[in-house]
Amino acid sequence: MNYTYSAAKMAQELKFAHLTSEIIDKTKLLILDNIGCAIGGSTFNEALRLRKYLNTIDPGGTSTAFGGRNMTAENAAHANAHSACMLSLDDSFIRFGHPGSSIIPAVLAVAQKLGSNGQDIITACVAAYEMSMRLGVAAQASVERDEIVKGYASWQVFGSSVGASKLYDFSASKMASAFGMTALHAPLPFLRKFHSRPMNWLKNNYGWACKAGITAVELVNAGFDGNQTIFDGPNGYWAMMGSDKFDEDIFTQPYDDKSYVMDIGFKAYSGCRWSHTAIDCIRTLMENECLTNENLLELKIETVSEFVRDLDGDWPETTVDALFRTPYLVALELHNKSSALGLQEEDLGSAALKKTIKKIRMTSLDGADKKFFELGTLPVKLTATVNDGRTLQDCSEFPTGHPDGPQFGKSEIIAKFLSISTPVIGDCLSNNIVRHVLELEKQPIALPYAMAQNSRY
């Protein structure tokens with residue numbers, strides 16, 4: 001069986017009419033959420049520097065790069081995907097990164113170039129999520145191999161190529177060729193060097209993933225041929241990305257049998273998703289047990305050993321570093337400076353925060369590793385000792401915004417979008433984008449990115 005062609009055929013045959021109302025509504029919220037993350041993140045120094053570089057190589061085009069001039073589709077997607085990662089508020093699938101930032105900026109940039117309608121955008125996004133997540137889950141390495149080599153963008157790059165291929169209305173054969181071409185542009189699985197300090201500003205490199213996927217599709221459109229068996233055999237792409245196994249049944253599971261779009265979670269807080277259950281717990285203790293920074297004597301965070309290894313440590317040097325420091329994110333809550341709206345540079349100089357972090361220690365929780373690796377949960381147990389002699393505890397496994405976690409639905413996602421975007425592009429434009437995206441399937445030419453075109457912030 002040619003699994004490459006089968007995956008391409010499934011994506012190519014997906015039509016808007018096949019989508020349930022639940023999938024359509026969820027996809028529109030995913031699109032709105034990512035646009036908000038891109039607008040908010042576009043003001044960060046790391047995003048400004050990338051756009052400055054891209055301006056030196058970009059001839060100009062039809063696609064909007066938030067905070068700058070129009071660019072070619074591939075460079076606009078590169079800029080916007082990078083911006084969408086800056087707040088670390090982009091969508092999440094536990095143990096599989098943030099798939100939306102490797103899909104939505106690419107789909108919207110190409111759609112703007114082609115003048116695609118709203119139904120085509122939604123369908124392209126769904127096909128991209130489904131194919132990308134099937135590949136990631138099917139090629140999930142053993143725990144032992146995962147400890148050595150791991151990458152997200154190295155396989156999520158195929159999400160952007162699927163999305164672009166759909167908008168170009170590629171045949172299944174042509175899409176399979178685009179898969180082969182995409183593999184030649186994919187980033188290496190670099191995540192086992194990801195947590196070295198200072199953190200790299202490209203984070204998961206989703207900007208490049210978007211650019212690479214679009215470039216691969218454009219090359220095929222220009223007459224290049226890609227390997228149409230890239231996922232097949234013992235030397236298939238799963239081996240190239242560093243995995244030691246591949247489940248072909250998962251990879252080619254019919255969309256009607258499994259909808260990964262419905263499993264994607266939204267993030268209520270900035271910072272690595274691995275920290276979010278700890279943030280939920282500290283908020284619960286503050287609300288229900290009157291825990292404050294003033295009455296806290298000591299806080300113990302017990303969780304997955306990998307989280308202790310990678311998310312504890314020295315005081316962060318940059319806001320990117322801080323996104324991957326659980327004690328820092330928890331301390332922000334205790335100082336009523338929640339990361340829900342992103343991190344602030346000025347907090348890095350806070351002596352009060354530094355004092356609070358000295359009260360916090362992280363350690364491994366019995367059984368947590370098994371739950372994380374086998375069930376994809378984020379187990380945490382917080383134990384706080386307070387100055388009146390009480391010991392307070394709270395536990396969690398599913399963070400806010402996870403399909404099985406505390407509620408974070410349509411109203412919360414809209415509020416999140418407005419809180420992030422309004423300070424950057426204003427109230428009127430932000431509300432117009434909300435209305436546009438929530439009625440995306442009715443738009444004959446859907447350009448939610450272009451609506452921010454006249455904003456030069």
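Start with helix α19, residues 410-425: at 1.5 Å a residue, its 16 residues should span 22 Å, and its end C-alpha atoms sit 21 Å apart, which agrees. Keep in mind that this is a predicted model. From that helix, the tour goes on to the salt bridges, of which a search of the whole structure finds 23, then to the cavities, of which three have 30 Å³ or more, and finally to a handful of single residues.

**Helix α19 in detail**

- The helix isn't perfectly straight: α19 bends by about 25° at S419. A proline, P423, follows within four residues of that spot.
- Which residues of α19 are buried? They are I413, I414, K416, F417, I420, S421, V424 and I425.
- As for what those buried residues pack against, it's α2 and α20.
- Right after α19 comes G426, and its phi is positive, near 95°.

**Salt bridges across the chain**

- K28 and E441 join their side chains in a salt bridge, at 3.0 Å from N to O. This one links distant parts of the chain: K28 belongs to helix α2 (residues 21-41), while E441 is in the segment after α20 (427-438), and the two are 413 residues apart.
- The partners in that pair differ in how covered they are. K28 has a relative accessible area of 5%, so it counts as buried, and E441, with 22%, is partly exposed.
- K113 and E218 make another salt bridge, with their closest N and O atoms 2.8 Å apart. K113 is in helix α5 (residues 104-114) and E218 in helix α10 (residues 206-221), so this pair ties together parts that are 105 residues apart in sequence.
- Here K113 is the partly exposed partner, at 38% relative accessibility. E218 is buried, with a relative accessible area of 19%, because the cut-off for buried is under 20%.

**A salt bridge inside one helix, and a network**

- The side chains of R134 and E130 also meet in a salt bridge, this time at 2.6 Å from N to O.
- Why are R134 and E130 separated by about one helical turn? Because they're four residues apart in helix α6 (residues 118-138).
- Both R134 and E130 are buried.
- Beyond pairs, there's a network of salt bridges linking R95, D146, E147, K150, R192, E306, R309 and D310.

**Cavities**

- The structure holds three cavities of 30 Å³ or more, and the largest cavity has about 300 Å³ of space in it.
- Which residues are closest to the centre of the largest cavity? Of the 25 that line it, those are H98, Y152, C272, W274 and F324.

**Residues around helix α16**

- E333 is part of helix α16. With 4% relative accessibility, E333 counts as buried.
- Setting aside neighbours within four places in sequence, E333 touches Y269, I279, I282, R283, M286, S338 and S339.
- E333 and T229 are 104 residues apart in sequence, and their C-alpha atoms are 50 Å apart in space.
- D347 is in the loop between α16 (326-334) and α17 (351-357). Being in a loop doesn't say whether a residue is covered, but D347 has a relative accessible area of 8% and is buried.
- Outside its neighbours within four places in sequence, D347 is in contact with W315, Y328, L332, K337 and L353.

**Two partly exposed loop residues**

- F190 is found in the loop between α9 (172-183) and α10. At 25% relative accessibility, F190 is partly exposed.
- Leaving aside neighbours within four places in sequence, the contacts of F190 are K150, G151, N200, K203, N204 and N205. One of these, K150, also belongs to the salt-bridge network.
- F190 and K442 are 252 residues apart along the chain, with 41 Å between their C-alpha atoms.
- D247 is in the loop between α11 (237-240) and α12 (248-251). With a relative accessible area of 32%, D247 is partly exposed.
- To come back to α19, I420 is one of its buried residues. D247 and I420 are 173 residues apart in sequence and 39 Å apart in space, C-alpha to C-alpha.

How values were computed. Residues numbered from 1 in each chain as written. Predicted model: local features only at pLDDT ≥ 70, side-chain atom pairs only at ≥ 80, totals over all residues. Heavy atoms only, no water. Buried < 20%, exposed > 50% of the residue type's maximum accessible area, 1.4 Å probe, protein only. Contact = heavy atoms within 4.5 Å. Salt bridge = Lys/Arg side-chain N within 4 Å of Asp/Glu carboxyl O. Expected span 1.5 Å × (residues − 1). Bend = angle between axes of the 7 residues up to and from the residue. 1 Å grid on protein atoms, 1.4 Å probe; cavity = no way out; pocket = protein on both sides within 12 Å on 5 of 7 lines; lining within 4 Å. Points joined across faces, edges and corners; volume = space filled by probe spheres on them.
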